[in-house]
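Take a guided walk through this model. Start at a single residue, then widen the view step by step.

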Amino acid sequence: MKKIAVFASGSGSNFQAIIDVVQTGDLDADISLLVCDKPGAFAIERARGAGIPSFVFSAKDYPSKEHFEEEILAQLKAYGVEFIVLAGYMRLIGPKLLAAYKGRIVNVHPSLLPAFPGKDAIGQALAAKVKWSGITIHYVDEGMDTGPIIIQERVRIDENETRESLQQKIQKSEHKLYPSILQMLLTQGDVLNDTKASVN
């Protein structure tokens, strides 16, 4: 059973979905640590409720990204973390963490990348008036949502779709697909090099 850390910045709905499948035994992992860069985020309460240790920090308290990533790395090593799962973490991962966990950091993004990277992907999709959005699960590299894609799943944008309704549909897809792909990654290794999944 691999030890994972979940990185989150907000409410942590994907974090909760991961907690739930670990508790039911559908994800063979030990969530050893939550890393959160927003001291008031609800994800911290989710971790507390599940008995998961948290490392909470504020970037403004450090002189640079390198300094706070050094502290994150020390925490990851202290908890024996083998794999990093980004779940609504709103910061680019820097060179220090990328080097230490090369090929072992994944993210879920609420669009069909390369379309609509970065912040507010749902708002970007609605503004562009596209008919489809979706989710992308990908490995993390130094860019903004530019890492190798593992799998994508489409979500239709209906007429009169609102930000709230589209977000609900995308999150429903995320909460189902992300844990299942994590189970594949943690138990079977690098699925990208074996059977790269395509858009459903």
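Ala 47 touches Phe 15, Leu 34, Ile 52 and Ser 54, leaving out residues up to four places away in sequence. The model that shows these contacts is a predicted one. Ala 47 lies in helix 2. Is Ala 47 buried or exposed? Its relative accessible area is 0%. The cut-off for buried is under 20%, so Ala 47 counts as buried. Glu 70 is 23 residues from Ala 47 along the chain. The C-alpha atoms of these two residues are separated by 22 Å.

Now look at the helix that holds Ala 47 and at its partner. Helix 1 covers residues 13-24, and helix 2 covers residues 42-50. Their axes come within 9 Å and cross at roughly 15°. Angles under 35 degrees count as roughly parallel, so helix 1 is roughly parallel to helix 2. The crossing of helix 1 past helix 2 is right-handed. Which residues make the contact? Helix 1 brings Ser 13, Phe 15, Gln 16, Ile 19 and Gln 23. Helix 2 answers with Ala 43, Arg 46, Ala 47 and Ala 50. Sorted by class, this contact has five nonpolar, three polar and one charged residues.

Next comes the sheet. It is open and has seven strands, in the order 3-2-1-4-5-6-7. The pairing is mixed. Which strands stand at the edges? They are strand 3 (54-56) and strand 7. Each has a single partner strand, so one side of each is left without a neighbour in the sheet. From one strand to the next, the twist averages 20°.

Helices lie against this sheet. Helix 1 lies across strand 1 (2-8), strand 2 (29-36), strand 4 (83-86) and strand 5. Helix 1 runs at about 160° to strand 2. Helix 6 also packs on the sheet. Helix 6 touches strand 1, strand 2, strand 4, strand 5, strand 6 and strand 7. The direction of helix 6 makes about 155° with that of strand 7.

Follow helix 6 to one of its residues. Helix 6 spans residues 163-188, and Leu 186 has its place there. Leu 186 has a relative accessible area of 7%. Buried means under 20%, so Leu 186 is buried. What does Leu 186 contact, leaving aside neighbours within four places in sequence? Its contacts are Lys 2, Ile 4, Leu 27, Asp 28, Ala 29 and Phe 83. Pro 148 is 38 residues from Leu 186 in sequence. In space, the two are 17 Å apart, C-alpha to C-alpha.

Last, turn to strand 6. This strand takes in residues 132-139. It is mostly covered, with seven of its eight residues buried. Strand 6 pairs with strand 5 (residues 105-109) in the antiparallel sense, over four bridges. Strand 6 also pairs with strand 7 (residues 149-156) in the antiparallel sense, here over seven bridges. Thr 136 shows both pairings. In strand 5, His 109 stands opposite Thr 136. In strand 7, the bridge partner of Thr 136 is Gln 152. Elsewhere along strand 6, Ser 133 stands opposite Val 155 of strand 7. In a regular strand, side chains alternate between the two faces of the sheet.

Terms used:
Residues numbered from 1 in each chain as written. Predicted model: local features only at pLDDT ≥ 70, side-chain atom pairs only at ≥ 80, totals over all residues. Heavy atoms only, no water. Buried < 20%, exposed > 50% of the residue type's maximum accessible area, 1.4 Å probe, protein only. Helix = DSSP H or I, 4+ residues; strand = E, 2+ residues; numbered from the N terminus. Pairing = 2+ DSSP bridges. Axes fitted to C-alpha atoms, helices over the stretch in contact; angles between N-to-C directions. Parallel < 35°, antiparallel > 145°, perpendicular 65-115°, else oblique. Left-handed = near helix turned anticlockwise from the far one by under 90°. Contact = heavy atoms within 4.5 Å. Nonpolar A, V, L, I, M, F, W, Y, C, P; charged D, E, K, R; others polar.
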